[in-house]
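Open your viewer and get ready to click along. We will go from the whole chain to a few spots worth selecting.

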Amino acid sequence: MHPRDQTIFALSSGRPPSAIAIVRVSGSVAGEVLTSLAGKLPSPRQANRVTLRDAEGRAIDDAVVLWFPGPGSATGEDVAEFHVHGGRAVLAALLTAVSVIPNVRAAEPGEFTRRGFENGKLDLTEAEGLDDLIHADTDRQRRQALRQLQGLLGDRARDWRERIIEASALIEAGIDFSDEGDVPLELQAPALKAIRALHDEIARVLAAQGKAERLRDGLVVAIAGPPNVGKSTLINQLARRDVAIVSPHAGTTRDVIEVQLDLDGYPVTVIDTAGIRETDDPVEQEGVRRARARAEEADLVLWLSDDGDSGDAQSAGAAPVWIVRNKIDLATEDLSPAAGKAKAPESGSRVFAISAQRGDGLPDLIQALVEFAGAFFGASEGALVTRARQRELLRQTAGSLQRSMELLGEGEELAAEELRAASYALGRLLGRVDVEDVLGAIFQKFCIGK
């Protein structure tokens, strides 16, 4: 039996031990698996409490089972679910009992979702939304992923494709009646109107995306500056835990340390870099090189110092640089921004005065980071496009529509061909044509059991 025809099973809940664990089975033998372990096939979609037993009749657990006959299931196949106690021994016994049944095997990562996709239960944009939902770390990421899972882009793409097919039918009808005088011209006018409206709609979607794709990866903020100015203390304060070693000795941080933060729902990666200075130590030199490289790749650089001087903050690259003067609790003179002593590298750079050790000024710095993230991501809440693959295919669609308008009236056959190309691109967006090359890359990122 081909692997795709085999019945698959996997733990679909979190790692044990846990209060409850869910094992899911999908495929043509799912009903046989459920009957073998539970003693009978329960009524569809009704929870049943049973004692699960292995092939030798030994009790495995007191469990709840559910039966979802296909095609009315998440995968479109027969699906059985076992809700058992989440101990490791219980799960080991249950998985062993399932695995010995013929034509049943352990699922690969993403295989449940892929079968749902292949059976028409969701399109590729919805599958990508599910992947994003699984990996969402913040509330804004969750909301964006959920909209995709609910068909925000997929529904629009299906509507666009139907409208392209309707316009294409008008043009091809004109080609068929090309010897009927004014008939082709009568058909071209509504086709051109429909194509132009569709092109403008897709163009507006592409223009309004902002940085919605970046919301999946997050904003990158690098903390840079000379050695021993409190960079590690600041990142520990932001993370609210000790993630970096704090030492009075310069050069303690040799490598790049990253912390994932949730700032008002925005995903932010804060990077603690090695102190930037001239040194003969080859290990520290490598740390300084990495620090400069990460600062150049960051979306925002916090240049930390204990005297308010920007130093060589200009080496941070094209990203905005904020000057953060640390250790104000130890200062003997007022070097706060209000006193005008803290120097910024360029006009428009923001300046902050904090005590990373004591927490002074941190609320203002954090609020500024939240506002920067909001401006950086822009209006991503209602964004349709969340992946580069989606954006590129919509660009191809818009390009084909534009060319079809230019060709209409000069070469109807070529215009019709461009419409077919636009429809094909939307088909690839939905995963309905020629997407085998991207399926593996998408579904292999899923966890096992999804």
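Here is the tour, one selection at a time.

**Before you click**

This is a predicted model, where local features need pLDDT of at least 70 and side-chain atom pairs count only at pLDDT 80 or more, while totals for chains, interfaces and linings use all residues. Residues are numbered from 1 along each chain as its sequence is written, and side-chain values use heavy atoms, with hydrogens and water left out.

**Stop 1: the whole chain**

Show the protein chain as a cartoon: it has 14 helices and 12 strands. Both are DSSP runs numbered from the N terminus, with helices (H or I) of at least four residues and strands (E) of at least two. Of the 450 residues, 48% are buried. Buried means under 20% relative accessible area, exposed means over 50%, and partly exposed is in between (1.4 Å probe, protein chains only).

Now switch on the surface. The accessible area is about 21300 Å², and carbon and sulfur atoms hold 50% of that; such areas come from the Shrake-Rupley method with a 1.4 Å probe, and for residues only the protein chains shown count as cover.

**Stop 2: strand β5 and its partners**

Select residues 79-86, which form strand β5. How many of its eight residues are buried? Six are, so β5 is largely enclosed by the rest of the structure.

Add strand β2 (residues 18-26), which pairs with β5 in the antiparallel sense over eight bridges. Strands pair if DSSP finds at least two bridges between them. Next add strand β4 (residues 59-68), also antiparallel to β5, with five bridges. Click on Ala 80 in β5: Val 25 has Ala 80 as a bridge partner, and Trp 67 does too.

**Stop 3: the largest nonpolar core**

A nonpolar core is a set of buried Ala, Val, Leu, Ile, Met, Phe, Trp, Tyr and Cys residues joined through side-chain atoms within 4.5 Å. The largest one here has 32 residues, and those touching the most other members are Leu 219, Ile 223, Leu 234, Leu 302, Trp 322 and Leu 365. Elements supplying at least two residues each include β7 (219-224), α9 (231-239) and β10 (300-305). Which element gives the largest share of this core? Helix α11 does, with nine residues.

Zoom in on Leu 302. Leaving aside neighbours within four places in sequence, its contacts (heavy atoms within 4.5 Å) include Val 221, Ile 223, Trp 322 and Leu 369.

**Stop 4: the aromatic rings**

There are five aromatic pairs in the structure. Rings of Phe, Tyr and Trp (its six-membered ring) pair if their centres lie within 6.5 Å; planes under 30 degrees apart count as stacked, over 60 as edge-to-face and the rest as tilted.

Select Trp 322 and Phe 372: their ring centres are 5.7 Å apart and their planes stand at 85 degrees, so this pair is edge-to-face. The pair links distant parts of the chain, since Trp 322 is in strand β11 (residues 321-325) and Phe 372 in helix α11 (residues 362-377), 50 residues apart. Trp 322 is buried at 5% relative accessible area, and Phe 372 is buried at 18%.

Ring pairs join Trp 322 and Phe 372 into a cluster with Tyr 266, Phe 352, Phe 376 and Phe 377.

**Stop 5: charges over rings**

Stay with Tyr 266 and add Arg 140, whose charged end sits over the ring of Tyr 266, 4.0 Å from its centre. A charge sits over a ring if NZ of Lys or CZ of Arg is within 6 Å of the ring centre and within 35 degrees of the ring normal. Finish at Arg 24, whose charged end sits over the ring of Phe 112, 5.4 Å from its centre.
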